[in-house]
Amino acid sequence: MSKILITSALPYINGIKHLGNLAGSQLPADVYARFQRARGNEVLAICATDEHGTPAELAAQAAGQDVRTYCDEQHRLQAEVGARFGLSWDWFGRSSSHQNAALTQHFSDVLEDQGFIEERVDRQLYSLADKRFLPDRYVEGICPVCGYPKARGDQCDNCGSLLDPLDLKEPYSVISGSRDLEVRDTRHLYLLQTKLAERIRAWVNTRQHWPTLARSIALKHLDEGLIDRGITRDLSWGVPVTRGGQPRTGMEGKVFYVWFDAPIEYIAATQEWADATGGDWRAWWRTDAGADQVRYVEFMGKDNVAFHSVSFPATILGSGEPWKTVDTLKAFNWLNWYGGKFSTSQGRGIFMDSALEILPADCWRWYLTSNSPEHSDSTFTFEQLVAAVNRDLADVLGNFVNRILKFCEGRFEGVVPAGGEPGPLEAKLCADVAGALADLTAQFEAIEVRKSAQALRALWVLGNEYLQEAAPWSAIKTDQVRAGVIVRTAVNLVGLYGRVSAPIIPFAAEAMRRAVGESSDMWPGVDISAELSRIPEGRALTTPPILFSKIEDTQVAAWSARFGAA
RNA sequence: GGGCCCGUAGCUCAAUGGUUAGAGCCGGCCGCUCAUAACGGUCUGGUUGUAGGUUCGAGUCCUACCGGGCCUACCA
């Protein structure tokens, strides 16, 4: 048994996430966690809301709430909808926790002790109307290069020039529209990534299990040269900047930049878990306390790779302390929406809460897994959703379960038939299942999401093939015992499916296990003959309702209209 | 501007430089009748974006072009 630490990118606090966020980090992380638990490994699956930063402040303001209240409420909503999707976190924390504040301040201290942090004075635009400094994307004005009137502070969308907010002509605040701005000096801490570059490169070169996407992004940044990053901001909502536990002189009222404290929350959330459960967080994160034996796997969208492959490692490695670093970095591409992107700010696409209003979680989990944006961007379409649900779940799996349980109910009074011995067809079935199961196991182990779904489906198909060939409806006319063997075998197959399907469709999997009285949710072994003899003769079965209802054309039409699919 | 990725059947996707480029869906045909008109079998379907090059051998490696996408760091 090994220890596996799993984290998924922290969902930002400003509202329920859309299906793209789910597909690209939280769902695959959960599938992997469930699989590894079933394998008997000790798993710790950690996630949390990322609560700091300007967008949170603005969202709270728009909602008419103070930011703490807003975050309390949004955290609860995200935790609830995640649970309804079957996301089986061991802990769903909050980057606003006191544990994260303490740990973030600790990293700041040790990084400064190691000579990797220094103070610098910047000149930044201050909005008198908003009473705040403006991050560069919250300033717009006339582009000094091409004259475009709505250039952002960091870049002009018209000519592509990279800009400094101070270069803009006639700048105004995006927050309030106010032009009452002035340039003020502001003091900030900088993380000296330039001094850590070679250490990071050496570390990246030791990472054997990174896909090319992650490695190439990391090496690209290293090749182009890291820049020293400002890690503090002029905001009120965040982790206060301190030195040695006291407010830092000259930086009172400032907080750490959200990208500095957010990854640290992976560790802090584990501390939150430990404080709540009595667990040992050091065994997962400190290599001097056993974490060198842990396999650490991170899940994220491709936009997060730079921060996880370079920035966060700079924090960890620069501390000089024995922290665990990521072994496998699994990155995903985008799930698009009818030509464009899902957009939180524009409310475009399908969000997790409304998704559950129209279909059960398992349908979404299956669709988003079998069509995962794993190796390239993929596009959500209702057409593909219908195909995934109706063909794979309803026809292939759901109907198999239903047809055999109904048959057992009608011909054997819902009791697992006794007597008889397996024959050649059962031997062939065992061999086929063994092969398919080995493939499925390998795909899950390799975190090949799409291929895992394909392999699982192949396993389901075997059930229908077996029934077709064994034809218990014919056998029962001449040989009651033989028909009993077939039914018993197929019922056992339902129990097996209830175990191996659980990582992707946990709710239906549990229903299958319950129907045949399978109490184990552990991964099957290699002796398939034994695995298909677990449901004892004479056991009374309970046929559950249809596992998956089919999607009707009228529903698709209604959903397309509701969600603006075109 | 710089960097990266992709282009394979009508659709979604596979193929350590090595048999005749494979699956699923869709479509055609046959079978079955336990089941959610579900299931099984079978067939059709390809100039692997274009043009060159390297090689005994290229979907795979190299060059150019065409087309699509992504990243480019204080928006999370």
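Let me start with one residue, Ser97, which is buried with a relative accessible area of 11%, where buried means under 20% relative accessible area, exposed means over 50%, and partly exposed is in between, all with a 1.4 Å probe and protein chains only. Ser97 lies in the loop between strand E3 (91-94) and helix H4 (98-113), and here helices (H or I, at least four residues) and strands (E, at least two) are DSSP runs, numbered from the N terminus. Leaving aside its neighbours within four places in sequence, Ser97 is in contact with Glu265 and Glu272, contact meaning heavy atoms within 4.5 Å. From Met1, which is 96 residues away along the chain, Ser97 is separated by 32 Å between C-alpha atoms.

Before going on, I should say that this is a predicted model, in which local features need pLDDT of at least 70 and side-chain atom pairs count only at pLDDT 80 or more, while totals for chains, interfaces and linings use all residues. Residues are numbered from 1 along each chain as its sequence is written, chains are lettered from A and ligands numbered from 1 in the order in which they are written, and side-chain values use heavy atoms, with hydrogens and water left out.

Now to the overall layout. Chain A is divided into domain 1 (3-113 + 259-358), domain 2 (117-191) and domain 3 (361-531), with bounds that come from an automatic or database domain assignment. The centres of domain 1 and domain 2, taken over C-alpha atoms, are 30 Å apart, and nine residues of domain 1 are in contact with seven residues of domain 2.

What about domain 1 and domain 3? Here we turn to the nonpolar cores, each a set of buried Ala, Val, Leu, Ile, Met, Phe, Trp, Tyr and Cys residues joined through side-chain atoms within 4.5 Å. The largest of these cores has 95 residues, of which Leu19, Phe85, Ile350, Trp364, Phe380 and Phe382 touch the most other members. Helix H12 (residues 382-412) gives the largest share of this core, 16 residues. Because domain 1 and domain 3 both give residues to this core, it lies between them. A second, separate core has 58 residues, among them Ala9, Leu191, Leu222 and Ile264.

Phe380 is a good residue to click on, and if we do not count residues up to four places away in sequence, the residues that Phe380 touches include Leu19, Leu335, Trp337, Ile350, Trp364 and Leu385. Trp364 also appears in helix H11 (residues 361-370), which is mostly covered, with 10 of its 10 residues buried, and the buried residues of H11 include Asp362 and Arg365 as well as Trp364 and Trp366.

Helix H5 (residues 197-206) lets us ask a different kind of question: on which side of H5 are its buried residues? In H5, Ala197, Ile200, Trp203 and Val204 are buried. They cover an arc of only 125 degrees around the axis, which puts them on the same side of H5, the arc being that of the directions from the helix axis to the C-beta atoms.

In helix H16 (residues 480-500) we find Val500, which is buried, with a relative accessible area of 0%. Leaving aside neighbours within four places in sequence, the contacts of Val500 include Leu437, Phe444, Leu459 and Trp523. Val500 and Gln480 are 20 residues apart in sequence and 30 Å apart in space, C-alpha to C-alpha.

Next, the backbone. Most residues other than glycine have a negative phi, and most peptide bonds are trans. Glu170, although not a glycine, has a positive phi of about 50 degrees, and Ile447, also not a glycine, has a positive phi of about 55 degrees. Are these two residues buried or exposed? Glu170, in strand E8 (residues 169-173), counts as exposed at 54% relative accessibility, whereas Ile447, in the loop between helix H13 (424-445) and helix H14 (449-470), counts as buried at 5%.

Finally, the empty space inside. A search of the whole structure finds six cavities of 30 Å³ or more, a cavity being a set of points, on a 1 Å grid over the protein atoms alone, where a 1.4 Å probe fits but cannot get out, with lining residues having an atom within 4 Å of a point. The largest cavity holds about 110 Å³ of space, a volume being the space filled by probe spheres set on the points. Of its 13 lining residues, the closest to its centre are Arg229, Trp259, Phe260, Ser311 and Thr315, and the largest share of the lining, four residues, comes from H9.

Key. On a 1 Å grid over the protein atoms alone, a cavity is a set of points where a 1.4 Å probe fits but cannot get out, and a pocket is an open set with protein on both sides within 12 Å along at least five of seven lines; lining residues have an atom within 4 Å of a point.
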